[in-house]
Every structure is written in C-alpha cells, then in structure tokens.
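Biologist: I'm new to this one, so please walk me through a single part of it, the largest nonpolar core. Tell me who sits there and what lies around it.

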Amino acid sequence: ASAAVAGFKGKILTSTSTGGAVASLAEIRNFTLTIDRPEFNATSRDSGENPDYIMGIETWNVAADYLEVSTNAGHRSVADIMIAGTKHKIELYPTGSSSHQAFTGEGFLTNWESGHPNDDAIASNITFIGAGALTRTSTG
C-alpha cells in the first residue's frame with residue numbers, strides 16, 4: 001500500500017484579520033501553495049569559470065477552488081476580506097490535520113471569482129498573496 005497522502009484531506013483556514021479566529025473553508029476542491037525564491041546571476045570576473053548566484057526574496061501565494069456553502073463562516077469571511085482589502089491570517093493543512101505539516105502566514109486576498117451556473121453548484125476560486133514570512137510546522 002502507498003504511503004502517499006490523499007489530496008482530498010487538505011484544509012484552508014482564514015480569518016478576517018491578522019489576529020482573529022480562523023474558520024475553515026468548506027467544500028475545498030483543490031488548492032495549490034506556490035513558494036518562489038528567484039535567483040540573481042551574480043557572476044563576475046572574480047567567479048572564475050563558474051556561474052555564481054544570490055537568492056532573492058521569497059514570495060508565496062495560495063490558489064484554491066471550492067464549492068460555495070452559504071452557511072460556512074469561512075466562505076462568508078472571504079467576501080469580507082476581499083471587500084475590506086485588509087491583511088489576514090491564513091493556515092494550510094495539506095493532510096487536513098494540525099498534527100502533521102502545516103503552513104501559516106499573513107496575506108491579502110487578491111482575487112475572488114464566483115460562478116453561478118444554472119445547471120451546477122456554485123463554484124468559486126480565490127487567490128491569496130503572502131505578505132510576510134510563511135512558516136512551516138511539522139509535528140508528524
């Protein structure tokens with residue numbers, strides 16, 4: 001049997017402020033955490049025959065798709081944080097449990113799209129951009 005973690009267990013929690021209580025976003029279909037640290041070519045004549053690089057500033061973002069649930073506190077907070085344009089807390093649990101790897105940080109909601117088809121569930125997608133350090137914890 002595989003020891004791989006099932007992707008459907010992942011959770012996203014968010015708050016309407018940096019210090020507020022977090023609420024889980026229900027009905028997540030998928031989410032992607034992207035961490036990027038660009039490299040800068042620092043090759044000079046002192047580098048010899050080999051290229052030399054220095055690392056840039058880390059950036060991160062989270063994109064997610066979910067089915068809308070009108071009674072979910074996390075879903076209601078998405079509209080609030082998008083309209084307010086304020087920084088808020090974000091927590092990601094790839095395995096769905098805080099007893100395993102988790103990522104926490106603060107950021108801004110930069111995109112929210114909500115589709116309302118006649119023949120399917122309301123589906124939304126959101127994008128958060130990190131505004132500060134992303135912290136990884138691993139207890140499992």
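Modeller: Let's start with the contacts, where a contact means heavy atoms within 4.5 Å. Of the contacts in the protein chain with a separation of 6 or more, 62% join residues 24 or more positions apart. Keep in mind that this is a predicted model, in which local features need pLDDT of at least 70 and side-chain atom pairs count only at pLDDT 80 or more, while totals for chains, interfaces and linings use all residues. Residues are numbered from 1 along each chain as its sequence is written, and side-chain values use heavy atoms, with hydrogens and water left out.

A quick map before we go in. The protein chain has one helix and ten strands; these are DSSP runs numbered from the N terminus, with helices being H or I of at least four residues and strands E of at least two. In sequence order the pattern reads β-β-β-β-β-β-α-β-β-β-β. The radius of gyration, taken over C-alpha atoms, is 18 Å, and the globule rule is 2.2 Å times the number of residues to the power 0.38. That rule gives 14 Å for 140 residues, so the chain is more spread out than a compact globule. The C-alpha atoms fill a box of roughly 65 × 45 × 35 Å along the principal axes.

Now for your core. In soluble globular proteins, nonpolar side chains tend to be buried together. Buried means under 20% relative accessible area, exposed over 50%, and partly exposed in between, using a 1.4 Å probe and protein chains only. In this chain, 26% of the 140 residues are buried. A nonpolar core is a set of buried Ala, Val, Leu, Ile, Met, Phe, Trp, Tyr and Cys residues joined through side-chain atoms within 4.5 Å. The largest one here has 15 residues, and those touching the most other members are I12, V62, V78, L92, L109, I126 and F128. At least two core residues come from each of strand 6 (59-67), helix 1 (73-84), strand 7 (88-93), strand 8 (102-115) and strand 9 (123-130). Strand 6 gives the most, with four.

Zoom in on I126. Leaving aside residues up to four places away in sequence, I126 touches L25, V62, A63, A64, Y66, V78, L109, N111 and W112.

Strand 7 also holds E91, which counts as buried because its relative accessibility is 11%. With the same sequence neighbours left out, E91 touches K11, I12, L13, V22, F103 and T104. Its C-alpha atom is 14 Å from that of T127, 36 residues along the chain.

Strand 6 also holds T59, which is partly exposed at 43% relative accessible area. T59 touches T34, I35 and D36, again not counting residues up to four places away. Between C-alpha atoms, T59 is 8.7 Å from L134, though 75 residues separate them in sequence.

Finally, step outside. T71 lies in the loop between strand 6 and helix 1, and at 64% relative accessibility T71 is exposed. T71 and E49 are 22 residues apart in sequence, yet their C-alpha atoms are 62 Å apart.
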